[in-house]
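Good morning, colleagues. Please bring up the structure on your screens, and I shall take you through its architecture.

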Amino acid sequence: MKRTSIVLLAAAFVLLSACAKPADSKGQPAGTVQISVTCADILDNMDTFDPEKAALVPKDGVILADTEVDFFEVDTVFDLLSRTLRENDIHLEYEDAGESGVYVKGIANIYTGDGGQASGWLYYINSESPTESCSRLTPADGDRIEWVYVCDFSTLPLS
């Protein structure tokens, strides 16, 4: 009985191993981007930031310093954010808003609204603020993607 169980387990392992996808099932990377996450605006607006969350704000406002990331043709800007934060053990919370795409609610436990009524996360690609959801855009080789927490959207210039 014990020998039969071992043989069955070994056979199951061989079958599962043969059917498993390779670790790199997306093929070769399409390119690399630089990605960063900052919340420096909070440092200038601690008076409007949730005092219970002040300890979460890095002293220099940098949650993720510039990081080079490989991407694949199927990746979106959101995919890169999600994967990079997961690989660096940084919390991410988002909401799938259906046709509108993904809405990033919180990074590193800093959420929309923590810095005031008009606060939240924005992203820039090569210093430009896209008008589409991060889950709708694909990166290009060499892009610089910046995620930035702002305490008052109304003070930003209109693009």
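Let us start with helix α3, residues 77-87, which in this predicted model lies across β1, β2, β6 and β7. Relative to β2, the helix runs at about 115 degrees.

Is this helix enclosed by the rest of the structure, or is it open? Eight of the 11 residues of α3 are buried, so the helix is largely enclosed by the rest of the structure. The cut-off matters here: a residue is called buried when its relative accessible area is under 20%. The buried residues are V77, F78, L80, L81, S82, R83, T84 and L85; the list thus contains R83 as well as leucines such as L80 and L81. Their cover includes β1, β2, β3, β4, β6 and β7, with β3 spanning residues 92-96. Just after the helix, D89 takes a positive phi of about 55 degrees.

I turn now to the sheet that α3 lies across. It is an open sheet of four strands, in the order β2-β1-β7-β6, and its pairing is mixed. The edge strands are β2, residues 62-71, and β6, residues 120-125, each of which pairs on one side only. From one strand to the next, the twist averages 15 degrees.

Within this sheet, β1, residues 31-38, pairs with β7, residues 144-150. The two strands run in the parallel sense, and five bridges join them. To locate this pairing on the screen, please find T38, whose bridge partner in β7 is V148.

Strand β1 also holds S36. Is S36 buried or exposed? S36 has a relative accessible area of 5%, and because the cut-off for buried is under 20%, S36 counts as buried. Leaving aside residues up to four places away in sequence, S36 touches L64, A65, D66, R144, I145, E146 and W147.

Next, the nonpolar interior. The largest nonpolar core has 32 residues. Which residues have the most contacts inside it? They are I107 and W147. The elements giving two or more residues to this core are β1, β2, α3, β4, β6 and β7, where β4 covers residues 102-107. The helix with which I began, α3, gives the most, with five residues.

I107 deserves a closer look. Again not counting residues up to four places away in sequence, I107 touches V37, I63, L81, L85, I90, H91, L92, W121 and W147. Two of these partners, L81 and L85, are among the buried residues of α3.

W121 brings us to the largest pocket, which holds about 280 Å³ of space. It is lined by 14 residues, and the closest to its centre are Y103, W121, L122, Y123 and E132. The elements that give two or more residues to this lining are β4 and β6. W121 therefore appears twice in this account, because it is a contact of I107 and is also one of the lining residues closest to the pocket centre.

Finally, the chain as a whole. The secondary structure comes to three helices and seven strands. From the N terminus on, the elements run α-β-α-β-α-β-β-β-β-β. Of the 159 residues, 36% count as buried. Among contacts between residues at least 6 apart in sequence, 66% join residues at least 24 apart.

Thank you for your attention.

Definitions and conventions: Residues numbered from 1 in each chain as written. Predicted model: local features only at pLDDT ≥ 70, side-chain atom pairs only at ≥ 80, totals over all residues. Heavy atoms only, no water. Pairing = 2+ DSSP bridges. Axes fitted to C-alpha atoms, helices over the stretch in contact; angles between N-to-C directions. Contact = heavy atoms within 4.5 Å. Core = buried A, V, L, I, M, F, W, Y, C linked by side-chain atoms within 4.5 Å. Buried < 20%, exposed > 50% of the residue type's maximum accessible area, 1.4 Å probe, protein only. 1 Å grid on protein atoms, 1.4 Å probe; cavity = no way out; pocket = protein on both sides within 12 Å on 5 of 7 lines; lining within 4 Å. Points joined across faces, edges and corners; volume = space filled by probe spheres on them.
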